[in-house]
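Work through the following exercises with the sequence and the coordinates at hand. Each task is followed by a solution in steps.

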Amino acid sequence: MSLSPVEGVALAEIESTGDGDGDAPKAKGFVGRSPGQLAWVRLRRDRTAMISAAMLVFFVLLAFAVPLIQALYGVGPREQFQDRLDGFGMPLGYAGGITGEHWFGLEPGLGRDIFIRMVHGLRTSLFIAFAAAVITAALGILLGTLAGYLGGWIDAVINWITDLTLAMPFLIIALALTPTVALRFYGQREAVPPAFQIGVLISIFALFGWTSTARLVRGQVIALREREFVEAARASGAGLGHMLFRQLLPNIWAPILVSFSLAVPSYITSEAALSFIGVGLTDETPSFGRMIYRSLDYLQTDPSYVFFPGITIFALVLAFNLFGDALRDALDPKSSR
Amino acid sequence: MARFLVKRLLSAGLTLFAVSVFSFLMFFALPRDPVSGMCPKNCNPERLERVRQELGLRDPLISQYAGYMKGIFTGRDLGSAQGGRCDAPCLGWSYANNEAVSDTLARVLPVTLSIVIPAAILWLLLGVGLGMVSALRRGTWLDRVAIGFSLTGASLQIYFVGAVLLLVLVYNLRLLPVPSYTSLFDSPAKWASGLVLAWVALAFLYSAIYARLSRAQMLETLSEDYVRTARAKGLTKPKVYGRHALRAAITPVVTIAGLDVGGALGGTVITETTFGIQGLGRTAVNAVSDGDLPTIMATVLIAAVFVVLANVVVDLLYAVIDPRVRLR
């Protein structure tokens, strides 16, 4: 038996189910629904949420299908098509060399196919962002619940570390730390493998990103700490693990979910930003940030080059932001939608 | 008030101390050999050894750190190869630039300030103004335009917006010169025309966030009882919205603004890279690619100082704006 109000349909909200598909309202009555079900119903009704969710599913499927797409498309991300460039290294034809074989044209200079590099870049970007968001959420939840529930000196120490982390200039530290770490494991002249760069990026995001989730969770836990059900569980002799994960956590998953869904796009842009300034991924690994950086040199001669990665990253981030906002609205118990 | 300020400054000092220890360890203790990056070409073992001696890398870490801190507060002697006597804010000698790090910073800091301060004024006015207008005209076409603007802006990236602005305004229409920095005191017109693109790009993206935030805050405040009371007792709309509601709605905006401005002053790395302007951020990027540790360390420290100071300023502003906050 659980004393926490979220499990089961204890918090049944009353809602009319009459607003069906336009025909005569059937079975007028009241149904009890759990908060999760309510949120799901609200989300289903929200047109923006559904459109952005469809876009996200499309992007994720695209990322998963990279080997398949590459097999069908027949071009690799590192293949160079020098014969399709003119004497100055500019792609032949219109709009950056768009043809039936090269859907988004070719990169000036090296002559690599832009479409397949973008699909690969999308996969890397989504992988880094999701991995970083999962790790930071886990760290933030753990430290936040500990600080909020235990209080005392543990709270003080965790708070101080949070403040310190927030005072660190993220971009500059990341900028300085990445090559330093690489230098620690690989020599000056050795090539750093892409998997290692990706690992370093994820670790840096984890190191700096947990603070916001921790703050959020801590505040929520402090608000819950003195509630009766927590006290009752404590009086029944529940251990720390049970208190944190069975009693407190189920009550605060909604804001955590929202912050997770808004963290993913912020890691997508941070990865692109770091690759843009040349410390994230190197040119070897396809990445949006690196592509945009390279395209700046060709702004005057091949302007279409900047638009493909630029617009894709915009669409990706916009879809995530819209979905995160819709999720927040759907999960908000005060929302009337 | 004075007591609060002292307490706040002390804790800020403590934070800065921790940041300096952390970054010192990170940059001087972590790499295999800090010197390898400081002697780029024609390096022979003797020269490497000399650089090691000059940097005091043979000393224990604590005395290295103490020496570095002493240099910042009182200045220190770096030896003839590093420009000899180095005065008070001494941040070391950069082998890559062949000058004292403080000289480099003195040169590039005005550039970053010239980018950030006008941009911040622009984005605050635009963002808060737009947020207020759309909250007061909720549901009208104006509100919808403002929401669309802020959604777009919040999802766009400075490197993309910057590239498009450069392409259209500089390369195609030739309305503006290629971005560059001229001192404000040499020629205000050149200063503005060289940086206006950076201001616009930054302001567009940041004001989106502010419009969103201040709209939400304003809507929440407008539904408060005291706003209704103020209206009911016969105060005019401008007075209620401008004095009573705005004040409460703007406090969270001030927090975010403080952090953003503080962070941006520490180096607008992306903006400077996009527009090719040599400010603090670009200096940090170059220092990293040169392996120029003293310069990297200095840019991290100065960025942290800006963030921490911004936090103190935000706390003080809180007391000015929100009468419920009492400083203790």
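**Exercise 1. Describe how helices H4 and H7 of chain A pack against each other.**

Step 1. The axes of H4(A) and H7(A), the latter spanning residues 194–225, approach within 5 Å and cross at roughly 35°. Axes are lines fitted to C-alpha atoms, for helices over the stretch in contact, and angles run from 0 to 180 degrees between N-to-C directions. Helices (H or I, at least four residues) and strands (E, at least two) are DSSP runs, numbered from the N terminus.

Step 2. The crossing of H4(A) and H7(A) is right-handed. A crossing is right-handed if the near helix is turned clockwise from the far one by less than a right angle, and left-handed if anticlockwise.

Step 3. By class, the contact of H4(A) with H7(A) holds 21 nonpolar, eight polar and two charged residues. Ala, Val, Leu, Ile, Met, Phe, Trp, Tyr, Cys and Pro count as nonpolar, Asp, Glu, Lys and Arg as charged, and the others, Gly among them, as polar.

The model is predicted: local features need pLDDT of at least 70, side-chain atom pairs count only at pLDDT 80 or more, and totals for chains, interfaces and linings use all residues. Residues are numbered from 1 along each chain as its sequence is written, while chains are lettered from A and ligands numbered from 1 in the order in which they are written.

**Exercise 2. State what confidence the predictor assigns to the model and to chain A.**

Step 1. The model has an ipTM of 0.80 and a pTM of 0.82.

Step 2. For chain A the mean pLDDT (the predictor's confidence in each residue, from 0 to 100) is 79, and 82% of the residues reach 70 or more.

Step 3. Within chain A, confidence is lowest in strand S1 (residues 13–16), with a mean of 40, and highest in H4(A), with 89. Residues 1–26 of chain A have pLDDT below 50, and this stretch has 34 contacts in the model beyond near neighbours in sequence. Where pLDDT is low, the predicted coordinates should not be read in detail.

**Exercise 3. Decide for helices H11 and H3 of chain A: enclosed or in the open?**

Step 1. Seven of the nine residues of H11(A) (288–296) are buried, so this helix is largely enclosed by the rest of the structure. A residue is buried if 20 or more other C-beta atoms lie within 10 Å of its own, exposed if 12 or fewer, and partly exposed in between, with C-beta atoms placed from the backbone.

Step 2. The buried residues of H11(A) are A:Phe288, A:Gly289, A:Arg290, A:Met291, A:Ile292, A:Tyr293 and A:Ser295.

Step 3. Their cover includes H4 (114–150), H10 (253–276) and H12 (304–331) of chain A, together with H6 (158–172) of chain B.

Step 4. In H3(A) (residues 66–73) the number buried is zero out of eight, so H3(A) lies largely in the open. A:Gly74 follows H3(A) and has a positive phi, near 80°.

**Exercise 4. Characterise the side of chain A that touches chain B.**

Step 1. Contact (C-beta atoms, placed from the backbone, within 7 Å) joins 35 residues of chain A to 37 residues of chain B.

Step 2. H5 (152–167), H6 (170–185), H10, H11 and H12 of chain A each give two or more residues to this side. H6(A) has the largest share, ten residues.

Step 3. By class, the side comprises 26 nonpolar, seven polar and two charged residues.

**Exercise 5. Which domains does chain B have, and how do they meet?**

Step 1. Domain 1 covers 2–102 and domain 2 covers 108–327 of chain B, with bounds from an automatic or database domain assignment.

Step 2. Their contact takes 24 residues from domain 1 and 18 from domain 2. H1(B) supplies the largest share of the domain 1 side, twelve residues. That side divides into 16 nonpolar, seven polar and one charged.

**Exercise 6. Buried or partly exposed: classify B:Gly127 and B:Leu16.**

Step 1. B:Gly127 lies in helix H4 of chain B and counts as buried, with 28 C-beta neighbours inside 10 Å. Beyond four places in sequence, the residues that B:Gly127 touches include B:Tyr206, B:Tyr210 and B:Ser214.

Step 2. B:Leu16, in helix H1 of chain B, has 18 such neighbours and counts as partly exposed. Leaving aside neighbours within four places in sequence, B:Leu16 is in contact with B:Ala304, B:Val305 and B:Val308.

Conventions
Two residues are in contact if their C-beta atoms, placed from the backbone, lie within 7 Å.
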